[in-house]
Every structure is written in structure tokens, then in C-alpha cells.
Amino acid sequence: FLIYVYPSQYIWEERFMKRWVADLKSVDEDAMGVAVLFLKIMQDIIHDFKWATALAFAVIVVLLLLDFRKPLMAFLALLPLGFGSLWMLGVMRLFGIDLNYMNIACVPLILGIGVDYGVHVLHRYRMETEDRIRNAVEHTGRAIFLSSATTMTGFGAIGLVSFVGLASLGQVLFF
């Protein structure tokens, strides 16, 4: 037998899709359809990107430890990334943007791109002989600002597209 069931709401809204699939599965565990398949794919994508994020972070920490040879310096290099990540999560919360199957893909990218700024300042700091902090910030600050502004602009442009999932990715990368 084949029974067609149509949702009363927009199926692509994630919370509704989860309820819809749960309702379908409560009637028949073998229920199948686009929403059932898509929800499974979304859950697999989120799981895989959580794993990829953890792996990326671990490799970044190892590389920082190999480069700086001091845990404190590696930690200091991670500080801008940590503050930036907290900023991103706060702004996402402020605008009501959740991490979803589409924009979670940006988290490993953010880790790889975001750690650069702390690394550049610390390398400059190590090169300086006097007034180290001021010189490191003064000489690398403008380059870091311009680099981050152009990266944000490029990713922010993606946030203006009409496809909601892709726009969410661009907005999160911009923040």
C-alpha cells in the first residue's frame, strides 16, 4: 500500500521537519519520503562536521605547539580565535541564527582562517626588541584589519544570496 501524507507547514523549516518525521515514524517505522531522507542527511552532515571541527582544532593546536614551542604562546595565538568565535556565537544568537546543517560547514574554515591573526601578531612580537607589544600591533594591525575586512566582505556577500542555507553560511562566516 502507498499512502501520501502532506505537511500542513513548510517542511524545510528544521524544527517542523523533525516533528513531522517523528510523527511519521510513530505511525510506521518504515515511513519514507523526502523529509525522512533529508533529515537523515542533515543529521549525518552535522555529525561529520562536528568531527571535522574537532580534528581541525586538534591539528591547529599541534601546529601551534610545534611552531611556538611553548604552550603559553600557542594559547595566546588561539585567543583571537576564541574571542572571535564567542563574538560570532553571540551575534548569531542576537540575530536568531542557529547552527544548522548548512552553516556548520563554516566552523572548520573559521578555525583555519581565524587562527592566522594571532599567529601573525605573535611572530611580529617575537621579532621586535623594544616596545614589543606596541610595535607588533602597529606593524601588523593594519594588515590584519585589511585582511579580515576583505575576507568578511567576500563571505558577507554570500550572506545576501536568496538560497536560505547558503545565505546562512555567508552570514555566519561574516560574523
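Against which helices do the buried residues of α6 pack?

**Figure 1. Packing of the buried residues of helix α6 in the predicted model.** The buried residues of α6 pack against three elements: α3 (71–95), α4 (106–127) and α5 (132–158). Helix α6 spans residues 164–174, and its buried residues are Gly165, Ala167, Ser168, Leu169, Gly170, Val172 and Leu173.

**Figure 2. The contact of α4 with α6.** On the α4 side, Cys106, Leu109 and Ile110 meet Leu169, Val172 and Leu173 of α6. By class, this contact holds six nonpolar residues, with no polar and no charged ones. Leu169, Val172 and Leu173 also belong to the buried residues of α6. The axes of α4 and α6 lie 10 Å apart and form an angle of about 25°. Angles under 35 degrees count as roughly parallel, and α4 and α6 are therefore described as roughly parallel to each other. The crossing in which α4 passes α6 is right-handed.

**Figure 3. The contact of α2 with α4.** Helix α2 covers residues 34–68 and packs with α4 at an angle of about 15°, the axes being 9 Å apart. These two helices are therefore also roughly parallel to each other, and α2 passes α4 in a right-handed crossing. From α2, the contact is made by Phe49, Ala52, Thr53, Ala56, Phe57, Ile60, Leu64, Asp67 and Phe68. Their counterparts in α4 are Val107, Pro108, Leu111, Gly112, Val115, Val119, Leu122, His123 and Arg126. Sorted by class, the contact of α2 with α4 comprises 13 nonpolar, three polar and two charged residues.

**Figure 4. The salt bridge of Lys18 with Glu14 in helix α1.** The closest N and O atoms of Lys18 and Glu14 are 3.5 Å apart. This pair is one of six salt bridges found in a search of the whole structure. Helix α1 comprises residues 14–27, and because Lys18 and Glu14 are four residues apart within this helix, about one helical turn separates them. Lys18 is partly exposed, at 41% relative accessibility. Glu14 is likewise classed as partly exposed, with a relative accessible area of 23%.

**Figure 5. The salt bridge of Asp98 with Arg15.** In this pair, the closest N and O atoms are 2.8 Å apart. The bridge links distant parts of the chain, since Asp98 lies in the loop between α3 and α4 and Arg15 in helix α1, 83 residues apart. Asp98 counts as partly exposed at 42% relative accessibility, whereas Arg15 is exposed, with a relative accessible area of 53%.

**Figure 6. Asp131 and its salt-bridge network.** Arg134 and Asp131 form a salt bridge whose closest N and O atoms are 2.5 Å apart. Salt bridges with shared partners join Asp131, Arg134 and Glu138 into one network. The relative accessible area of Arg134 is 44%, which makes this residue partly exposed. Asp131 is partly exposed as well, at 43%. Asp131 is located in the loop between α4 and α5. Although Asp131 is not a glycine, its phi is positive, at about 50°.

**Figure 7. Surroundings of Thr140 in helix α5.** Thr140 is buried, with a relative accessible area of 11%. Buried status requires a value under 20%. Apart from neighbours within four places in sequence, Thr140 is in contact with His120, Val121 and Arg124.

**Figure 8. Arg69 in the loop between α2 and α3, and Pro71 in helix α3.** Arg69 has a positive phi of about 65°, although this residue is not a glycine. Arg69 is exposed, with a relative accessible area of 67%. Pro71 is also exposed, its relative accessible area being 62%. Between Pro71 and Val61, the C-alpha to C-alpha distance is 9.3 Å, and the two residues are ten residues apart in sequence.

Conventions. Residues numbered from 1 in each chain as written. Predicted model: local features only at pLDDT ≥ 70, side-chain atom pairs only at ≥ 80, totals over all residues. Heavy atoms only, no water. Buried < 20%, exposed > 50% of the residue type's maximum accessible area, 1.4 Å probe, protein only. Contact = heavy atoms within 4.5 Å. Salt bridge = Lys/Arg side-chain N within 4 Å of Asp/Glu carboxyl O. Axes fitted to C-alpha atoms, helices over the stretch in contact; angles between N-to-C directions. Parallel < 35°, antiparallel > 145°, perpendicular 65-115°, else oblique. Left-handed = near helix turned anticlockwise from the far one by under 90°. Nonpolar A, V, L, I, M, F, W, Y, C, P; charged D, E, K, R; others polar.
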